[in-house]
Amino acid sequence: MYALIEKASRKVISTTPTFFDVPSGYSLISCPDDILPGDEYLDGKFVKNNRPAFDDRKTARLAELNDAFEEAAKTAHLMSSVGFEIDANETANRDIEGLTLVMNDTDTTLFCDYNNQFHEVTKADLETMRREIVANSQRLYQIKWQYRSLIEAATTVEELDAITITFGEA
């Protein structure tokens, strides 16, 4: 690997696997594979500048993943098979559980959907919605674990930075 260095600033402009003739004001010097543009070449040595340490970056990406997961879980919603969109977070799960505990099989109740519209539902409808909420929660965890595996398998900062964390809609 070679680093193209601007002589005046002593900054690495780019890296390349091949040697080539360079214009005046630049040098092409053999370098380790981990040298990046923005690094410096001082007194015959490469100095890595303004780069987070790999372990720090991995820890930061795992924290980003946890934050994204928490936000996705908190704001989760889905189109229920009972015919309308519902909240699918822990609060909705707990509220539906409470309703099903106090209802008889023949009872109906008004239920406020994700868009603040009311619908008359049965205990069976509520149980269906609760199963859908739990399934959505499991889906979010599966996505989280996939991203965690990608982050843990990364070996460079560039690989970590290439991971786009998104949980999407149900």
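The buried residues of helix 1 (buried meaning under 20% relative accessible area with a 1.4 Å probe, protein chains only) pack against helix 3 and helix 4 (157-161), where contact means heavy atoms within 4.5 Å. The model is predicted, with local features needing pLDDT of at least 70 and side-chain atom pairs counting only at pLDDT 80 or more, while totals for chains, interfaces and linings use all residues. Residues are numbered from 1 along each chain as its sequence is written, and side-chain values use heavy atoms, without hydrogens and water.

In helix 1 the buried residues are R57, K58, R61, L65, F69 and A72. Seen down the helix axis, they fall within an arc of 120°, taken from the directions from the axis to the C-beta atoms, so they line one face of the helix. On the other side of helix 1, D55, D56, T59, D67 and K74 are exposed, that is, over 50% relative accessible area.

Helix 1 (residues 54-74) and helix 3 (residues 123-153) pack at an angle of about 170°, with their axes 10 Å apart, the axes being lines fitted to C-alpha atoms over the stretch in contact and the angles running from 0 to 180 degrees between N-to-C directions. The two helices are therefore roughly antiparallel, a term for angles over 145 degrees.

In helix 2, the buried residues A92, N93, I96 and T100 pack against strand 7 (85-87), strand 8 (108-112) and helix 3.

The expected span below is 1.5 Å times one less than the number of residues.

| Helix | Residues | Expected span | C-alpha end distance |
|---|---|---|---|
| Helix 1 | 21 residues | 30 Å | 30 Å |
| Helix 2 | 13 residues | 18 Å | 19 Å |

Notes. Helices (H or I, at least four residues) and strands (E, at least two) are DSSP runs, numbered from the N terminus. Angles under 35 degrees count as roughly parallel, over 145 as roughly antiparallel, 65 to 115 as roughly perpendicular and the rest as oblique.
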